[in-house]
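Q: Can you walk me through what sits around the bound molecules here?
A: Sure, have a look at this first.

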Amino acid sequence: WGGFGHITVAYIASNFVSDSTTSYLQTLLRNDTGDYLAGVATWADSIRYTKWGRFTSGFHFIDAHDNPPTYCGVDYDRDCKKEAGCVVSALQNYTSQLLDTELPLWRRAQAAKFVIHFVGDIHQPLHTEDVARGGNGIHVTFEGKELNLHHVWDTSIAEKLVGGIRRKPYPFAKKWADELTEEIKSGKYAAESKSGWLRGTNITDPIATALGWAVEGNALVCTTVLPEGAEAIEGQELGTDYYEKAAPVVEEQVAKAGFRLAAWLDLIISSLK
Ligand code: DCM
Ligand code: DCM
Ligand code: ZN
C-alpha cells in the first residue's frame, strides 16, 4: 500500500490491541500518543531505497508464479526467493526478533516497525503476485491519469474512496480507520471478522499464518484485480465498473490487515510475560 493505506491499517490495529500491548509498544517505540503505530507504519518504505536498507526491498511482497485469471495460488517453496526472501519469511523473521527479549531494544523496536508494515503489505493483492512485477509493468489510466496497476491498487483506489489523503494523510487515515473499526465491531464485517478473520492465526507458526493471508489476497488477483487477464486492461482506462468492484476489496483488505495486525501484536506481546 501507499503511505495512506499503511497508516490506516496501523490506526485500525491501535483500536483493537489490548491495553497491555498498547503500553508495551508505546514504551518500545518511545511514543506515548495514539499515533505510536501509525507514526512508524511507513518507515519500512522510507528505508528500502537507502544503501543500508536495500536488503529489505524484497521483503514487501511475494511473487506468486501463478497464472491469473486462470489459476491463482501461492506456494512458499516455489515463490519465496531463497536469497532475497519475501514478505512471508520477513514476517517470520521480524516476529521472532520482536519475541526475542535477549536482543537490544533498538533491534526489537525495528522489528516491530517491520511487522507493522509487512502485515499491511501482505494484504495488498498485487503484493502476492509475480505478473509484471506485481502489476508495476501494467500500464493503465485511472480517471484519465496514466498510472501502473500496482499504484492504482496501492494508492489511487483508496484516494478516490476517501479523498483528501494527500493534503492530510494522518487525520484522514484516522477517520477512515475509525469508520472501518465500527464496521468490524458492529457493521458489515462484524460476523465475518469474528468467525473467520483470525482462523489459522498461530503465533507458533508465523510462516503458515502469513501464507494463509497471502493466499487469500492472491485469490483476489484472479477475481478482482485481473478478472480477464492483464492484456484486457493494458493501455485501457479502468473505468467505473472496475472501480466499483475494486473499492470494496481494498476496503476489506485494509480492515482485515488492521484487525489481524492487532491480534498478531497481542499474541507476541502476551507471550513475553
Ligand atoms: N517510497 C519511498 N521512497 C521512494 C519511493 C517510494 O519511501 N524512493 C514510498 C512512497 C510510497 C511507497 O513507497 O508510500 C510505495 O509503497 P510500495 O512501493 O511499498 O507499494
Ligand atoms: N512490488 C511488488 N512485487 C514485485 C516488485 C515490486 O509488489 N515483484 C512492489 C514493491 C513496491 C512497488 O511494487 O511497493 C514498487 O516497487 P519498485 O519500487 O521496486 O518498483
Ligand atoms: Zn511496502
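A: A residue is near a molecule if one of its heavy atoms lies within 4 Å of it. By that rule, ligand 1 in this predicted model is surrounded by Trp 1, Gly 2, Gly 3, Asp 45, Ser 46, Arg 48, Tyr 49, His 127, His 150 and Asp 154.

Q: What are the polar contacts of ligand 1, and what's the cut-off?
A: A pair of N or O atoms within 3.5 Å counts. An N or O atom in the Asp 45 side chain is 3.0 Å from an oxygen of ligand 1, and a polar side-chain atom of Arg 48 is also 3.0 Å from a ligand 1 oxygen. Trp 1 uses a backbone N or O atom, at 3.4 Å.

Q: OK, ligand 2. Which residues are around it?
A: Arg 48, Tyr 49, Phe 61, Asp 63, Leu 126, His 127, Arg 133, Gly 134, Asn 136 and His 150.

Q: And how far are the polar side-chain atoms of Tyr 49, Arg 133 and His 150 from its oxygens?
A: Tyr 49 has one 2.3 Å from an oxygen of ligand 2. For His 150 the distance is 3.1 Å, and for Arg 133 it's 3.4 Å.

Q: How confident is the predictor in the chain?
A: The average pLDDT (per-residue confidence, from 0 to 100) is 97, and 100% of the residues score at least 70. The model's ipTM is 0.80 and its pTM 0.93.

Q: Any bookkeeping?
A: Residues count from 1 along each chain as written, while chains are lettered from A and ligands numbered from 1 in written order. Local features need pLDDT of at least 70, side-chain atom pairs 80 or more, totals for chains, interfaces and linings use all residues, and side-chain values use heavy atoms, without hydrogens and water.

Definitions and conventions: Polar contact = N/O pair within 3.5 Å; in protein donor to acceptor, adjacent residues only side chain to side chain.
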